[in-house]
Amino acid sequence: MQALWMVLAAFLFASMGVCVKVASEYFNSAELVCYRGLIGMLILWLLARSQRVTLATQYPGIHAWRSLVGVVSLGAWFFAIAHLPLATAMALNYLSSVWIAAFLIGGTLLAWRPSAAAPRPTLQGPLVLTVLAGFAGVVLLLRPSLHQNQSFAGLIGLLSGITAAFAYMQVVALARMGEPEERTVFYFAMGAAVAGGAALLLTGTSPWPGWPVLWLLPIGILAAAGQLCMTRAYASAKTQRGTLLVANLQYSGIVFSAIYSVLWGDEIPPIGWIGMALIVGSGIVATILRERTAPGTPAEEH
């Protein structure tokens, strides 16, 4: 069942991307982030109340920093979805796993000091190859976009993956402090609502589009539902092998987004498909390395 929960989560996140792409024709990225946060706050508040999880926290500063980095990642991702093929934007965001592995294992290497009691950390070679494969995938994926004057959007999409990795490191820290995931996601949604609302002072608001405003609802609902399915998937995995299976199945989201892109009419050349395959492969290897280095880490968020 944990595999099915993760595949469902990936499908929901990809479907959310479709809704973001449609809604971006009527709203700017700041508005989408703000509304996504407001809807997420409501859903998470109801969920926390039903499970009797208090939303009061002893770590407001860490939640604030996590929310700030997460909102930057979310806004960059929504901007990339609006200006790039959906599959491209999704793949760039999912590259966060490569960055996470680099941060976790790279931090271990930086902290190591030569001594007889502390042997040299392993996995340097696989880590380097994984990161290089991921970067090669990015180059191949974005190379077709450079000819379509989408290089800036590609860089923003790459930024979404990097900042998502930083945000995930904060999620790991909060989980180790005993913060329930419902509380962490609630404060992230609150940060999105506040930051998105503040950004509207600079970007302004879009003209009221009428019925298309309903596209905002599934963005928040699908995001919350996808996060809950992902949480259920990790909770159902009782062994390390099961956890690795669940973590790697999240990349089915790129497959779903590629299918959506084809149905949407986006043209992805063969070199772009090869780039996505490299990102998926490097992400899977990075996830395995991450689990060996820091087992039991919480689920990522999208």
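1. A good place to start is the beginning of α2, where N28 acts as the N-terminal cap: one of its side-chain oxygens sits 3.1 Å from the backbone nitrogen of A30. Please keep in mind throughout that this is a predicted model.

2. The helix that follows the cap, α2, covers residues 29-50, 22 residues in total. From first C-alpha to last, α2 reaches 31 Å, close to the 32 Å expected at 1.5 Å a residue. Just after α2, you will find R52 with a positive phi of about 55°.

3. Stepping back to the whole chain, the secondary structure consists of twelve helices and zero strands. Read from the N terminus, the order of elements is therefore easy to write down: α-α-α-α-α-α-α-α-α-α-α-α.4. How much of the chain is buried? Buried residues make up 53% of its 302 residues. The accessible surface comes to about 13,800 Å², and carbon and sulfur atoms account for 70% of that area.

5. The contact pattern may interest you as well. Among contacts in the chain with a separation of 6 or more, 90% are between residues 24 or more positions apart.

6. For a single example of residues distant in sequence, take L217 and C19: they are 198 residues apart in sequence, and their C-alpha atoms are 9.1 Å apart in space. L217 belongs to helix α9, which spans residues 216-236.

7. Is L217 buried, exposed or in between? L217 counts as partly exposed because its relative accessible area is 43%, a value between the 20% and 50% cut-offs.

Terms used
Residues numbered from 1 in each chain as written. Predicted model: local features only at pLDDT ≥ 70, side-chain atom pairs only at ≥ 80, totals over all residues. Heavy atoms only, no water. Helix = DSSP H or I, 4+ residues; strand = E, 2+ residues; numbered from the N terminus. Buried < 20%, exposed > 50% of the residue type's maximum accessible area, 1.4 Å probe, protein only. Contact = heavy atoms within 4.5 Å. Areas by Shrake-Rupley, 256 points an atom, 1.4 Å probe, with all protein chains shown as cover. Expected span 1.5 Å × (residues − 1). Polar contact = N/O pair within 3.5 Å; in protein donor to acceptor, adjacent residues only side chain to side chain.
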